[in-house]
Amino acid sequence: MRALGVFAVALGLAAPALGTGNPVAGKTVFRSKCGSCHTLKPAGTVAKSANPGPVLTNKRETVGRVMKALSGAGSGVMPTFIGVLATKQINDVVAFVVVASKPGAK
């Protein structure tokens, strides 16, 4: 239930700006904050973590799934980034991952 509350707060914070993220800025944030745990070829990242997250290359991520993961409401061990990243940074990362996780993205 706690995860659902966190997700609701995350959507509330990000809802006005969903879909308005800047994928170019998101790539920079992704590389610095997400790239040690997630492999994503268009970001030039390869997971180096002892507990890496899923490979995102060719994964076809959606805004909802990425937002859920960033809010800590997803399955797995990914921590929340609400309160760690600014709302703009979260929206930028979401925009980047949605574009960059499509098959053939460069």
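Which helix gives the most to the lining of the largest pocket? In this predicted model, helix 3 does so, with five residues. The legends below treat the whole chain, the pocket, one helix contact and several single residues.

**Figure 1. Overall arrangement of the predicted protein chain, which has four helices and zero strands.** Read from the N terminus, the order of elements is α-α-α-α. The protein chain comprises 106 residues, of which 33% count as buried. Among contacts in the protein chain with a separation of 6 or more, 57% are accounted for by residues 24 or more positions apart.

**Figure 2. Close-up of the largest pocket, which holds about 600 Å³ of space.** The lining is formed by 29 residues, and those closest to the centre of the pocket are H38, G53, P54, A69 and M78. Two or more lining residues come from each of helix 2 (23-33), helix 3 (63-70) and helix 4 (87-100). Of these elements, helix 3 gives the most, with five residues. Sorted by class, the lining contains 15 nonpolar, nine polar and five charged residues. As a general principle, a probe the size of a water molecule, rolled over the atoms, shows where empty space is left.

**Figure 3. Close-up of the crossing of helix 2 and helix 4, whose axes come within 7 Å.** The two axes cross at roughly 100°. Because angles of 65 to 115 degrees count as roughly perpendicular, helix 2 is described as roughly perpendicular to helix 4. On the side of helix 2, the contact is made by P23, A25, G26, K27, V29 and F30. Helix 4 contributes K88, Q89, D92, V93, A95, F96 and V97 to this contact. By class, the residues of the contact of helix 2 with helix 4 are eight nonpolar, two polar and three charged.

**Figure 4. Close-up of L70, a residue of helix 3.** L70 counts as buried because its relative accessibility is 2%, and the limit for that class is under 20%. When residues up to four places away in sequence are not counted, L70 touches M78, P79, T80, F81, I82, I90, V93 and V94. One of these, V93, also takes part in the contact of helix 2 with helix 4. L85 is 15 residues from L70 in sequence, and their C-alpha atoms are 9.5 Å apart in space.

**Figure 5. Close-up of V46, in the loop between helix 2 and helix 3.** V46 has a relative accessibility of 52% and therefore counts as exposed, the limit for that class being over 50%. Leaving aside residues up to four places away in sequence, V46 touches G35, H38 and T39. Among them, H38 is also listed with the residues closest to the centre of the largest pocket. V46 and G35 lie 11 residues apart in sequence, with a C-alpha to C-alpha distance of 6.5 Å.

**Figure 6. Close-up of K48, in the loop between helix 2 and helix 3.** The relative accessible area of K48 is 70%, so K48 is exposed. K48 and S36 are separated by 12 residues in sequence, and their C-alpha atoms are 5.2 Å apart in space.

**Figure 7. Close-up of N58, which has a positive phi although it is not a glycine.** The phi value of N58 is about 65°. N58 belongs to the loop between helix 2 and helix 3. With 46% relative accessibility, N58 counts as partly exposed, because this value lies between the limits of 20% for buried and 50% for exposed.

**Figure 8. Close-up of R60, which has a positive phi although it is not a glycine.** For R60, phi is about 55°. R60 is placed in the loop between helix 2 and helix 3. The relative accessible area of R60 is 55%, and R60 is therefore exposed.

Note on methods: Residues numbered from 1 in each chain as written. Predicted model: local features only at pLDDT ≥ 70, side-chain atom pairs only at ≥ 80, totals over all residues. Heavy atoms only, no water. 1 Å grid on protein atoms, 1.4 Å probe; cavity = no way out; pocket = protein on both sides within 12 Å on 5 of 7 lines; lining within 4 Å. Points joined across faces, edges and corners; volume = space filled by probe spheres on them. Nonpolar A, V, L, I, M, F, W, Y, C, P; charged D, E, K, R; others polar. Axes fitted to C-alpha atoms, helices over the stretch in contact; angles between N-to-C directions. Parallel < 35°, antiparallel > 145°, perpendicular 65-115°, else oblique. Contact = heavy atoms within 4.5 Å. Buried < 20%, exposed > 50% of the residue type's maximum accessible area, 1.4 Å probe, protein only.
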